[in-house]
Amino acid sequence: MHCKAVIDTNVVVSSLLSKGKRTAVTDFIDMMLNGDILPVASKEIFNEYEEVLRRPKFNFSKNMVDDLIDFLRQNSIMADTWDTGMEFVDKSDLPFFEAYIAEQSPETFLVTGNIKHYPEWPYIVTPKEMLSFLG
């Protein structure tokens with residue numbers, strides 16, 4: 001099954017920090033890289049990816065970050081977002097929710113490691129839940 005997913009930055013960071021270990025997060029990202037999951041993004045999401053993935057505390061290689069962001073830019077559906085008027089405790093989560101709302105369909109998910117940061121809506125899932133769904 002092919003589907004679309006808005007991918008929270010924490011999922012991307014977790015996969016890069018895995019250091020080759022196989023986890024639900026790395027399996028999810030592998031499925032995206034293999035074309036089984038079509039990423040959904042927006043300008044604000046790309047700004048967040050750029051800012052977070054380049055933080056010195058992570059020490060990710062410049063080439064690895066460049067390659068991943070280039071892949072996402074070339075392969076993502078760009079969501080036509082709008083201000084939902086919703087408020088989030090962590091304002092950096094809002095662009096992900098807005099992209100999810102803009103592309104909302106039974107094939108679109110918002111995948112996050114911080115599920116409690118979002119409202120309880122259908123298809124807002126963890127990477128493990130997403131993999132179970134795709135099973």
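These legends go with close-up views of a predicted model.

**View 1. The five-stranded sheet.**
Here's the strand layout: an open sheet of five strands, ordered β3-β2-β1-β4-β5, with parallel pairing. At the edges stand β3 (77-78) and β5 (124-125), each with a single partner strand, so one side of each has no neighbour in the sheet. Zoom in on β1 (residues 3-7) and β4 (residues 108-111), and you'll find four bridges joining them in the parallel sense. To follow the register, pick out Ala5, whose bridge partner in β4 is Phe109, and then Val6, whose partner in β4 is Leu110.

**View 2. Strand β4 and what surrounds it.**
Which residues of β4 sit on each face, and are they buried or exposed? Thr108 and Leu110 are on one side, Phe109 and Val111 are on the other, and all of them are buried, which leaves both faces of the strand covered. β4 also runs parallel to β5, to which two bridges join it. On that flank, look for Val111 standing opposite Val125 in β5.

**View 3. Two helices lying across the sheet.**
Helix α2 (residues 24-33) lies across β1, β2 (37-41) and β4, and runs at about 90° to β2. Helix α3 (residues 43-53) goes across β1, β2 and β3, at about 100° to β2.

**View 4. Helix α2 against helix α6.**
Two packed helices are described by the angle between their axes and the distance between the axes. For α2 and α6 (residues 127-134), the angle is about 55° and the axes are 8 Å apart. The two helices are therefore oblique to each other. Their crossing is left-handed. On the α2 side of the contact you'll see Ala24, Val25, Asp27, Phe28 and Met31, which meet Pro127, Lys128, Met130, Leu131 and Leu134 in α6. By class, that contact has eight nonpolar residues, two charged ones and no polar ones.

**View 5. Helix α1 and the residue just after its end.**
How much of helix α1 (residues 9-17) is covered? Mostly all of it is: seven of its nine residues are buried. The buried set is Thr9, Asn10, Val11, Val12, Val13, Ser15 and Leu16. Just past the helix, check the backbone at Lys19, which takes a positive phi of about 50°.

**View 6. Ser15 up close.**
Ser15 has its place in helix α1. Its relative accessible area is 12%, and because the cut-off for buried is under 20%, Ser15 counts as buried. So who's touching it? Leaving out residues up to four places away in sequence, Ser15 touches Val25, Thr26 and Ile29. As a distance marker, take Phe96, 81 residues apart from Ser15 along the chain: the C-alpha atoms of the two are separated by 18 Å.

**View 7. Positive phi in two loops.**
Most residues other than glycine have a negative phi. Asn59 isn't a glycine, yet its phi is positive, at about 55°. You'll find Asn59 in the loop between α3 and α4 (62-75), where it is exposed, with a relative accessible area of 68%. Tyr123 isn't a glycine either, and its phi is positive at about 70°. Its place is in the loop between β4 and β5. With 32% relative accessibility, Tyr123 counts as partly exposed.

Technical notes:
Residues numbered from 1 in each chain as written. Predicted model: local features only at pLDDT ≥ 70, side-chain atom pairs only at ≥ 80, totals over all residues. Heavy atoms only, no water. Pairing = 2+ DSSP bridges. Contact = heavy atoms within 4.5 Å. Axes fitted to C-alpha atoms, helices over the stretch in contact; angles between N-to-C directions. Parallel < 35°, antiparallel > 145°, perpendicular 65-115°, else oblique. Left-handed = near helix turned anticlockwise from the far one by under 90°. Nonpolar A, V, L, I, M, F, W, Y, C, P; charged D, E, K, R; others polar. Buried < 20%, exposed > 50% of the residue type's maximum accessible area, 1.4 Å probe, protein only.
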